[in-house]
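Biologist: I should like to go through this model with you, one feature at a time. Please give the reasoning behind each answer.

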Amino acid sequence: MAGNVQVLEGFICPICMLDFKAPDQLLRHFEECHNDDSEFLKCFKDLIDRAKKKILKQDEIPEVFSCTTNNEKHKLEISTEQQETGVIKSHTKYFKEIRHKRLERYASETNKLLIRLNKLLSNLPSDPVSRKRHEQDIVPWIDERDVKLCPTCAKSFNVARRKHHCRLCGAIMCNNCTLHLSLLDARKMISPVSIQDDSAVSPTSSVKDFSKRVLSAGIGLTKLARSPSSSSLNSVLALVNDSTSTEQYFKICTHCMNLLDAKEKQKEKRFHKPIVCQFYQKMKSHMEETTQTLAIYNKMSESLREGESTYDLQDAQTLRLKIAKLGENIDTISKTILVLGTRDAENSPQGQELRLHQMVRTSAMIFLREQLLLIQSLPSIEEYATLQKERQKRIERKADYEQRLQEQRWKSREQYKKDTRNLESYLLVKENQQEKVLEQGWSPSNNTPMMSSSMNPFIEQMNNLRTYIKQAKADGKFDEASILESNLKELQSFYFVTKESNNTE
């Protein structure tokens, strides 16, 4: 009879025998409908938890998980102790070694190709047979019998698909896999960068991807660079100018072309200048030209403001228009730099690049404010005519003043000569009088003070008379002293009259 009992599976209530599909629903039903016995409810919860762990295969859950009440969750105990640092190993050195070997390998392969290319161009024969022999002497060719399939496309060779040799490595490839390197490009590759034209290194030139170009015969060289010998240059010129020559290029494989192409890209990257640098250099050239022109303009403006005729007013106005045009160009270029790349939402300038554009714009605004906003204005035609008249009047007044000054100097010189003659005559009279006094038995001592040669002769003579008067009084010769005092008074009155007349003139 036990075999006929139906076995129920699922989340079934042991009392109601209803299936609730989920443990949470069964537990909620049991708490709401059968919550009379708390002990039975606790045992039932434990039974549900163990069944849930068994179904979900969580029998081996660590003890850190603990079964809690409905208001709590399972918590994991985390250790807060500080852990010691483990073993640290740097792979930078190993990475640099691997990278160095790889770069050295590619660099050595590229240098070998350039050396072979230089030897191929040196003394290159114009005759096809001699040229083929020359190419085989530089680079040994692989035996055609050893290669059955093209290494690039893996197609078999036949009468329609002939074998060709690479002139740089000697490998064999089919005609479809053969690339052509022109003599012009080959000459540029082996020449120093300083003598190459701009198209060889400019990123905007058409010489970017040599592997995409297949050149035909008859293309001449527009510029030849330095070669190891003069005979090499002559041979290449002869080859290019020869109309019977059928090959103006070298046949090379894809591998060699990729190495040479990578070398050219590195050269382009080295000489590549961002567009912002080109705009900035143009703006700096305009600034330098503005500074030089402004110095000349200021000189012309000052001269015209003085009413001079050294410069023409029309030339100064033309120069002012040129300065204004240069200022507009500087402002336009700085605005272009500020908004450069902002239209591209994905690659718009950010960080230091954006700050650089803003600083260039700020420097341009400072230059315009300091140099052009304070530029001197020019006088109008009427003002310039008035300034010229005023300058002419100033010149005439200056000439008149100089003439009067010269006349005063001449009169002063004549008056000085006249005063000197009067003094000499007066002194001669006084000497005669003094001789009469000396005849009476008294003469002054020789200890007279020495006067400066720059002193006025009237003052010098008056000082001498004062000294004689003191000596006469000291010797008791009062008569002689009175005569000398009368002479001193006459000399003083004569001196003051002469001085007043000079001041009046």
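Biologist: How many disulfides does the count come to?

Modeller: The model is a predicted one. A disulfide requires two cysteine sulfur atoms within 2.5 Å. Cys-150 is in no disulfide, as its nearest cysteine sulfur, that of Cys-153, is 3.6 Å away, and Cys-253 is in none either, with the sulfur of Cys-256 nearest at 3.4 Å. By this rule the count comes to zero disulfides.

Biologist: Is Cys-150 buried or exposed?

Modeller: A residue is buried if its relative accessible area is under 20%. Cys-150 has a relative accessible area of 2%, and it therefore counts as buried.

Biologist: And is Cys-253 buried or exposed?

Modeller: The same cut-off of 20% applies. The relative accessible area of Cys-253 is 10%, so Cys-253 is buried.

Biologist: How many helices and strands has the protein, and what percentage of its residues count as buried?

Modeller: The protein has 14 helices and four strands. Among contacts between residues at least 6 apart in sequence, 64% join residues at least 24 apart. Of the 505 residues, the part that counts as buried is 28%.

Biologist: Which element supplies the largest share of the largest nonpolar core?

Modeller: This core has 27 residues, and those touching the most other members are Leu-117, Cys-166, Leu-168, Leu-181, Phe-250, Ile-252 and Leu-260. At least two residues each come from α3, β2 (172-173), β3 (179-182), α5 (183-190), β4 (249-252) and α8 (254-271). The largest share, five residues, comes from α3.

Biologist: Which residues does Leu-168 touch, not counting residues up to four places away in sequence?

Modeller: Leu-168 is among the core residues that touch the most other members. Contact here means heavy atoms within 4.5 Å. With residues up to four places away in sequence not counted, Leu-168 touches Leu-113, Arg-116, Leu-117, Leu-120, Val-139, Ile-252, Cys-256 and Leu-260.

Biologist: How many residues has the other core that lies apart from it?

Modeller: Apart from the largest core lies another, with Met-287, Ile-323, Ile-337 and Leu-378 among its members. Two of these residues, Ile-323 and Ile-337, are listed as buried in α10. The core has 22 residues.

Biologist: How far apart are the end C-alpha atoms of α3, and what span should its 30 residues have?

Modeller: The expected span is 1.5 Å times one less than the number of residues. For the 30 residues of α3 this gives 44 Å, which agrees with the separation of its end C-alpha atoms, 43 Å.

Biologist: Which residues of α3 are buried?

Modeller: An α-helix has 3.6 residues a turn, so residues three or four places apart point the same way. In α3 the buried residues are Thr-110, Leu-113, Leu-114, Leu-117, Leu-120 and Leu-121.

Biologist: What span should helix α10 have, and how far apart are its end C-alpha atoms?

Modeller: Helix α10 covers residues 313-338, which makes 26 residues at 1.5 Å a residue. Its buried residues include Leu-319, Leu-326, Ile-330 and Ile-333. The expected span is 38 Å, and the end C-alpha atoms agree with it at 38 Å.

Biologist: What is the phi of Asn-123?

Modeller: Most residues other than glycine have a negative phi, and most peptide bonds are trans. Asn-123 follows α3 and lies in the loop between α3 (92-121) and α4 (128-138). Asn-123 is partly exposed, its relative accessible area being 40%. Its phi is positive, near 55°.

Biologist: Is Ala-154 buried or exposed?

Modeller: Ala-154 is placed in the loop between α4 and β1 (164-165). Although Ala-154 is not a glycine, its phi is positive, about 60°. A residue over 50% is exposed. At a relative accessible area of 52%, Ala-154 is therefore exposed.

Biologist: With which residues is Arg-466 in contact, leaving aside its neighbours within four places in sequence?

Modeller: Arg-466 belongs to helix α13 (residues 457-474) and is partly exposed, with a relative accessible area of 37%. Its C-alpha atom and that of Ala-481, 15 residues apart along the chain, are separated by 9.6 Å. Leaving aside neighbours within four places in sequence, the contacts of Arg-466 are Leu-488 and Gln-492.

Note on methods
Residues are numbered from 1 along each chain as its sequence is written. This is a predicted model: local features need pLDDT of at least 70, side-chain atom pairs count only at pLDDT 80 or more; totals for chains, interfaces and linings use all residues. Side-chain values use heavy atoms; hydrogens and water are left out. Buried means under 20% relative accessible area, exposed over 50%, partly exposed in between (1.4 Å probe, protein chains only). A nonpolar core is a set of buried Ala, Val, Leu, Ile, Met, Phe, Trp, Tyr and Cys residues joined through side-chain atoms within 4.5 Å.
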